[in-house]
Structure formats: C-alpha cells, structure tokens
Amino acid sequence: MKHIINPYENINDTARNNSDCPHVVLPEEIFFTISIIGVLENLIVLLAVIKNKNLQCPMYFFICSLAISDMLGSLYKILENILIMCRNMGYLKPRGSFETTADDIIDSMFILSLLGSIFSLSVIAADRYITIFHALQYHSIVTMRRTIITLTVIWMFCTGSGITMVIFSHHIPTVLTFTSLFPLMLVFILCLYIHMFLLARSHTRKISTHPKANMKGAITLTILLGVFIFCWAPFVLHVLLMTFCPNNPYCVCYMSLFQVNGMLIMCNAVIDPFIYAFRSPELRDAFKKMIFCNRYQ
C-alpha cells in the first residue's frame, strides 16, 4: 500500500537522476505536532456536540462525521510515526508480519479519512440543499433516524472500501477508483450548487422564511469544500502521476513535493474546526464553555 500512500519512495534512481528537483524533506516533528493539534481540535468538536443537547441535530451530526474523518487523518500520521520509532529502536522486525499488518491498518485509516471526508461533505451539501429549498418540510425529510441510518451506511461503506483498497492496492483499477471519488464528489456538489443558485435567482421568495441563515450554511460548506480541495487535490494528483508517469522527469519533479502535500492534508484537520467556530455562533459558544470550564456566560 505504500506505493499509494508514499509513492515517492518507489521512484527508481534513474527517474530521480533525470529530474533536477531535489526531494523536499520536512522534519517529522512538524507532522507530529500538526497531527496532535488536529486530533485535539476535532475531539473538542465531538465533545461539544455530545455535551450540548441544542447541538444534537442532523446538521451538527454531519459536521461530527467530517470531524471524525479529519481526526482519522491526523491519527494516521501519529501512529505511523510511532511505528517508525519502534522499528528504529529495534522493537519491531523490519518488514516483519506485525509491521506489515500494522502498516496496512494505518493505511486503511488514511483512506478512510479521505473517503469519510468526501461523503461527509457530500451529505452536508445535500442537507444544505434541503434546508434552503425545502425548509418547511426539512424536519420531516431530515429526521434524526434517517441521519443516523445515513451516517451508519456511509461509514460502513467507507470502512469496507478502505480495507478493499488496501488489499488490492497494487491494481491500477483500485488506484483509479480511489482517485475518481474525488472529482465525482466535486461534480455532485457542483451540480447541487448550480441548481441552488439557479433556483435562488428565479424563485427567491420560495427559498425559506430565513434565507440569510440558511445561505450562511451554504457559504460555510463552500469554505469547507474549498479548504478540502486545496489540501487534498495535490495528493490525489500525486497518486495519478505516480501511476501513469512515474519515470517522467516533470512528474518526478512534482512528486518530490510529497511531504509538502502530506503536510497540507494534516493542515486540513487543523483548519476545519476553526471554520466551524468562526461560522457557527452556537458551536463557538460551546467551545468557550468547554475551554473555560463552564465559567463563560
């Protein structure tokens, strides 16, 4: 699976020599620190929703799903660093059965993070669409029961897909499936957006009784989606280049930035909670109460 998660390690020496671009190496301490911050921030998001009954509604459950995805991405790097540390200290046999199994489990977490983010953003987009254009029927359409069932199906599918992709990671169809989900999610959300703005333009009065509040949710989704694309697109492009032009000097030059692309993925988990807090007064108040131990009023 490492040829997908860390493809630069598999580029042969000839390809590297044909490229004038040096391999960019970032200190592991940076990855570890960003990952720890990402885990803590998203854990605060989950605890805030769990502890506050006014936040226990479908919209925030979908946000929790995205927070779990971000947290898995951060945990992946933390566990990978611990595994490397144990191997370097001699506690693990290099390329032994335990390390291989642990490595596959950790890689599954990474894929689960990407798939979870894709489907969480998609379901948030669908939720915003229903909120804006079916506001009067929203509570009958998006019930807590349907929300829980939807999230359960999503995470069962993501878990199964993650395990399958690790098992069959050496096959090109697996790589194509892995990378195709990214643009498919963008197309789905883009179609919703086009439909949203076309209807909003022609049927402004029918949007809802509180258009500003609902449109704010759509803007929040736009920001989350923009950050997700910015942080994950370089890695997806990396995987495609490694699959189809691993020996091309230009491709190798781009792939020398692998660790930079990896750091962007870690940053996504750190940025998202700030977006939640900045865009949602309710969540921001819950954060303050947790941080100041309920002394904040």
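These exercises work through one helix and the cysteines of a predicted model.

**Exercise 1. Check the length of helix α5 against its residue count.**

Step 1. Helix α5 covers residues 97-133, which is 37 residues.
Step 2. The expected span is 1.5 Å times one less than the number of residues. For α5 this comes to 54 Å.
Step 3. The end C-alpha atoms of α5 are 54 Å apart, so the span agrees with expectation.

**Exercise 2. Decide how far α5 is enclosed by the rest of the structure.**

Step 1. Buried means under 20% relative accessible area.
Step 2. Of the 37 residues of α5, 29 are buried.
Step 3. Helix α5 is therefore largely enclosed by the rest of the structure.

**Exercise 3. Find the disulfide and describe it.**

Step 1. Two cysteine sulfur atoms must lie within 2.5 Å.
Step 2. Cys245 and Cys251 meet this, with an S to S distance of 2.0 Å. The count is one disulfide.
Step 3. The angle about the S-S bond is -90°, and the link of Cys245 and Cys251 is left-handed.
Step 4. Cys245 and Cys251 are both buried.

**Exercise 4. Explain why Cys57 forms no bond with Cys64, then classify the exposure of each.**

Step 1. The closest cysteine sulfur to that of Cys57 is in Cys64, 9.5 Å away. Seen from Cys64, the closest is in Cys57.
Step 2. The cut-off is 2.5 Å. At 9.5 Å the sulfurs of Cys57 and Cys64 are too far apart for a bond.
Step 3. Cys57 has a relative accessible area of 24%, so Cys57 is partly exposed.
Step 4. Cys64 has 11% relative accessibility and therefore counts as buried.

Conventions: Residues numbered from 1 in each chain as written. Predicted model: local features only at pLDDT ≥ 70, side-chain atom pairs only at ≥ 80, totals over all residues. Heavy atoms only, no water. Helix = DSSP H or I, 4+ residues; strand = E, 2+ residues; numbered from the N terminus. Buried < 20%, exposed > 50% of the residue type's maximum accessible area, 1.4 Å probe, protein only.
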